[in-house]
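Me: Please give me a close look at a single part of this structure. After that, I should like to see how other parts are arranged.

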Amino acid sequence: LHVNDAARRHGVHEGLTASQAQARSARILFLHRDLNEENRAQQDLLDCATLWTPDCEATAPGLCVLDLSRVRDIAGRREHCGRQMHEHLAQRRLHARVGFAGNADLAVLAAHAADPVLVLREHTDDTDRLLARLPVGALRPSPEVAETLRLWGIRTLGQFSQLPRQGLATRLGAEGLLLHDLARG
């Protein structure tokens, strides 16, 4: 279902069977889900979010979006607050990445690129360059769209955002258009 960079370097990618992955790398390690631990981690994430604002939403497992628009004086303190969030979660043995941006979609992409905190300002050269380097997987495309993009050789948001919008609509439908808009920030 998921692979890390080390596995990718050995030719392992999402969608392979266990035996296919082992054929590419005998040292591969399979980690199985522990639903109790996943639930605990999700609760820790939500507990951390509510320390900052009650306006938060768990949008996916391991992902929480906060609306900080009503938090007083947050604009000049985002980097510091992000580091505090990161530290709070690290104390609970969770590796967190924290992203801030003008809208939720861009904040999620910022978090994907954060190390451990990233503050993005919309429509700046730095933001555009960062988005261009992110992997297409940051958009969380459906498996079918992800496979199509892989077959097309599209690996980054920069490559994806250069594709013609009308062609994407024809070939990938509404999901392709939505992903294209997200890739462009």
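Reply: Asp73 is placed in the loop between β2 and α4. The names of such elements follow DSSP runs numbered from the N terminus, with helices (H or I) of at least four residues and strands (E) of at least two. The model is predicted, so local features need a pLDDT of at least 70 and side-chain atom pairs count only at pLDDT 80 or more, whereas totals for chains, interfaces and linings use all residues. Residues are numbered from 1 along each chain as its sequence is written, and side-chain values use heavy atoms, with hydrogens and water left out.

Asp73 has a positive phi of about 55°, although it is not a glycine. Most residues other than glycine have a negative phi, and most peptide bonds are trans. Asp73 is also exposed, because its relative accessible area is 57%; buried means under 20%, exposed over 50% and partly exposed in between, with a 1.4 Å probe and protein chains only.

Arg93 offers a second case, in the loop between α4 and β3. Its phi is near 60°, again positive in a residue other than glycine. Arg93 counts as exposed, since its relative accessibility is 71%.

β2, which precedes the loop of Asp73, is joined to β1 by four bridges, and the two strands run antiparallel. Strands are said to pair if DSSP finds at least two bridges between them. Glu57 stands opposite Val65 in β2. The two strands form a hairpin with two residues between them, and Gly62 in the turn has a positive phi of about 80°.

The cysteines deserve a short look as well. The structure holds zero disulfides, a disulfide being a pair of cysteine sulfur atoms within 2.5 Å. Cys64 is in none, and the nearest cysteine sulfur, that of Cys56, is 4.6 Å away. Cys64 is buried because its relative accessibility is 16%. For Cys81, the closest cysteine sulfur is in Cys48, at 11 Å, which is too far for a bond. Cys81 has a relative accessible area of 0% and is therefore buried.

Cys48 leads to helix α3, where the buried residues are Ala41, Gln42, Asp44, Leu45, Cys48 and Ala49. They lie on the same side of α3 because they cover an arc of only 155° around the axis; the arc is taken over the directions from the helix axis to the C-beta atoms. These buried residues pack against β1 (56–60), β2 (63–66) and α4 (78–90), where contact means heavy atoms within 4.5 Å. The face turned away from the buried side carries the exposed residues Leu35, Asn36, Asn39 and Leu51. At the N-terminal end, Asp34 caps α3, with a side-chain oxygen 3.1 Å from the backbone nitrogen of Asn36. A polar contact is a pair of N or O atoms within 3.5 Å; within protein, one must be able to donate a hydrogen and the other to accept it, and residues adjacent in sequence count only if both atoms are side-chain atoms.

A similar end is found at helix α5 (residues 104–113): Asn103 caps its N-terminal end, and a side-chain oxygen lies 3.1 Å from the backbone nitrogen of Asp105. The buried residues of α5 are Leu106, Ala107, Leu109, Ala110 and Ala111. Their cover includes β3 (98–100), β4 (117–119), α6 (125–133), α8 (157–161) and α9 (165–183). Ala110 counts as buried because its relative accessible area is 0%. Apart from neighbours within four places in sequence, Ala110 is in contact with Gly99, Phe100, Leu118 and Leu120.

The loop between α5 and β4 holds Pro116. The peptide bond from Asp115 to Pro116 is cis, with omega near -5°.

Helix α6 has the buried residues Thr127, Leu130 and Leu131. Because they cover an arc of only 100° around the axis, they are on the same side of α6. Among the elements that cover them are α5, β4, α8 and α9. The exposed residues Asp125 and Arg133 are carried by the face of α6 turned away from its buried side.
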